[in-house]
Amino acid sequence: MIQKYDILVIGGGHAGCEAATAAANMGAKTCLVTMDMNKIAQMSCNPAVGGIAKGQIVREIDALGGQMALVTDATAIQFRMLNRGKGPAVWSPRAQCDRGKFIWEWRRMLDETENLDVWQDQADELLVEHEEVIGVRTIWGAELRAKAVIITAGTFLNGLLHIGRKMVAGGRIAEPAVPHFTESITRHGIRSARMKTGTPVRIDKRSVHFEDMEIQDGENDFHQFSFIGEHRQLKQLPCWMCYTNPEVHETLRSGLADSPLYNGQIQSIGPRYCPSIETKLVTFPDKDQHLLFLEPEGETTNEMYLNGFSSSLPMDVQIAALRKIPGLRDAKVYRPGYAIEYDFFDPTQLKHSLESKIIKGLFLAGQVNGTTGYEEAGGQGTVAGINAALYCGNSEPFIMHRDESYIGVLIDDLVTKGVDEPYRMFTSRAEYRILLRQDDADARLTEKAYNLGLAKRDRYDIWKEKQKYIEEIEDFCNKTSIKAKDINSGLEHLGTTPLERGCKLVDLVSRPQLSLKNLSEIIPGLKEMLNRPKHRKEEITEAAEIRMKYKGYIERERMVADKMHRLENIRIKGHFNYTEMNSLSTEARQKLTTINPETLAQASRIPGVSPSDINVLLVLMGR
């Protein structure tokens, strides 16, 4: 059986779902190949979306016309805005979701997407002719042909599960691994290696002593993930906090000899920023407790997730240690934690469009590029889907820059620096954090997505209306004069210094003790202005306030970014034979030859390429 498409997407996880819907919504005839249609966008680890920097990525996916934010809001059972004690540059939304409802909401999205077919099967061989992809062959003998193929296989490629000394092939617990597909890719010169990740024990909430834990409620204000979707509809549930103790640690240490991380079973590198509990004990031997979060898996299920207790120790050791925690002394376990090793491909062999430099028309996204996290996968999937559709239409690729999005930072880091451990996004990875806030992702990206044909007219119109109201509020604050005698009693009541003379309203907004909301209680004209929008008044007010309070910082960072764009505009690919350039350092010659950067700015970010090496290239370019 031979089927023909424009684009094939191999893998129905978070990257695959975003890639498939993006490509199809741009008009490409697309087929999503997945092993199990009932586990679409399965949340293999914690059923939570967002977090530090990850939440910004989800808002960027939404601004681009993607689906993750809409699905998250529809299935959220707890929402929090992290880092509220810091500046808005690092505010990060996070939601705990109902795992089962998340899957079926994604299924609904796929079912309602035009130009998109789903084929339940397992890819077995990548088909390539003359260094150009032509499709895949499946284990059941189906031959799917396409102009472009996007691989989003997650942890399934030669996946190997570990619990103690026991090893079982699998892509996730109780799901088969994909044994041959990697080899059909690497035979063409694409490099692969191994990585490791893990997940914790799942607990029956009926066996938990919540009276011995500390409750952590969510927030119920206006914040959400999507700029256009409905507000949270499901019942909101609390999470719970508890701690390990010396008894727990002693029990865990008794099993270290059988830990696959320390007995030689696992050679690959795991995620630095989400370590297993046994890694925490070895890395921080002086700590006598570690914080754990017990989080609900759904609105109605008894299953709970013990965040912070990832482990691949023998199951009896895991459970014995768990029961030394007071709140979990009678814990019943659905299944123990486990580790998984899997194949990934060297991302420095990709272009910024996520197309392979080796095989024309082949795109890769998600954990196969060495990343970890649903959000990082979804962002890559969106970009790969967009660029595969553009590739099929012989159009120029869509490249996201570091000052435009966290997704742009992520992709640039991958293709420029590569990975030696699972890559996780943090706000600290972005040099333009003030420009990449969670509140302004629509301002940065929606117009671009609309011009691509991915964001539809309704989404674009919502953004333009929001933009109009933000500008009206800013204009009102810039033009409105405030007299000291009219407002000083109100300012004293709000805990801020009275005015000595009149000023513009924008000068009051910049004070840390004041906000548009509390100022509107003492300035009637402002209250009327803030009530003008018919929808999302609070979101519009917050966006306008942030722009005014941080105007100086935003403008300064924009100037720095614009200077770096000058290097982005100096294209160097194909201009130099680096191996013959003795004026460069030996390391720079090697790295520049391997990466072959497109621009001077990309070259400047390659580890091992020094500022003096960049100056040499500038001189040779006549700059």
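## A walk from Asn478 to the largest cavity

Leaving aside its neighbours within four places in sequence, Asn478 touches Lys504 and Val506. Before going further, keep in mind that this is a predicted model. Asn478 itself belongs to helix α12. With a relative accessible area of 40%, Asn478 is partly exposed, because that value falls between the 20% limit for buried and the 50% limit for exposed. There's also a pairing to look at with Cys503: 25 residues separate Asn478 and Cys503 in sequence, and their C-alpha atoms are 10.0 Å apart in space.

Now take in the helix as a whole. Helix α12 covers residues 457-479, which is 23 residues. From its first C-alpha to its last, α12 reaches 33 Å, close to the 33 Å expected at 1.5 Å a residue. Which residues of α12 are buried? They are Arg459, Tyr460, Trp463, Lys466, Tyr469, Ile470, Ile473, Glu474 and Cys477. Charged names turn up in that list, among them Arg459, Lys466 and Glu474.

Step back along the chain to Gln438, which sits in the loop between α10 (406-417) and α11 (441-452). Is Gln438 buried or exposed? Gln438 is buried, since its relative accessible area is 1% and the cut-off for buried is under 20%. Its side chain has a polar partner: the side chain of Arg59, at 3.0 Å. Apart from neighbours within four places in sequence, Gln438 is in contact with Gln56, Arg59, Met81, Trp91, Pro93, Phe227 and Glu542. So Arg59 shows up both as a contact and as the partner in that polar contact, where the N or O atoms must be within 3.5 Å.

Next, pick out Leu126 in strand β7 (residues 123-129). Leu126 is buried too, as its relative accessibility is 2%. What does Leu126 touch, leaving aside neighbours within four places in sequence? Its contacts are Val133, Gly135, Val136, Val149, Phe181, Ser184, Ile185, Ile359 and Leu362. If you want a distance to check in your viewer, try Leu126 and Gln349: they are 223 residues apart along the chain, and 17 Å separates their C-alpha atoms.

Two backbone angles deserve a look. Most residues other than glycine have a negative phi. Ala174 has a positive one, near 65°. Ala174 lies in the loop between β11 (166-169) and α5 (181-186). At 76% relative accessibility, Ala174 counts as exposed, because the cut-off is over 50%. Asn394 also has a positive phi, near 55°. Asn394 is found in the loop between α9 (374-392) and α10, and at 74% relative accessibility Asn394 counts as exposed.

Last stop: the empty space inside. How many cavities of 30 Å³ or more are there? The count is four. The largest cavity holds about 70 Å³ of space. Its lining is made up of His401, Arg402, Asp403, Glu431, Tyr432, Ala561, Met564, His565, Glu568 and Arg605. By type, that lining splits into five charged, three nonpolar and two polar residues. The charged set is Arg402, Asp403, Glu431, Glu568 and Arg605, because Asp, Glu, Lys and Arg count as charged. Tyr432, Ala561 and Met564 make up the nonpolar part, and His401 and His565 the polar part.

Technical notes. Residues numbered from 1 in each chain as written. Predicted model: local features only at pLDDT ≥ 70, side-chain atom pairs only at ≥ 80, totals over all residues. Heavy atoms only, no water. 1 Å grid on protein atoms, 1.4 Å probe; cavity = no way out; pocket = protein on both sides within 12 Å on 5 of 7 lines; lining within 4 Å. Points joined across faces, edges and corners; volume = space filled by probe spheres on them. Helix = DSSP H or I, 4+ residues; strand = E, 2+ residues; numbered from the N terminus. Buried < 20%, exposed > 50% of the residue type's maximum accessible area, 1.4 Å probe, protein only. Polar contact = N/O pair within 3.5 Å; in protein donor to acceptor, adjacent residues only side chain to side chain. Contact = heavy atoms within 4.5 Å. Expected span 1.5 Å × (residues − 1).
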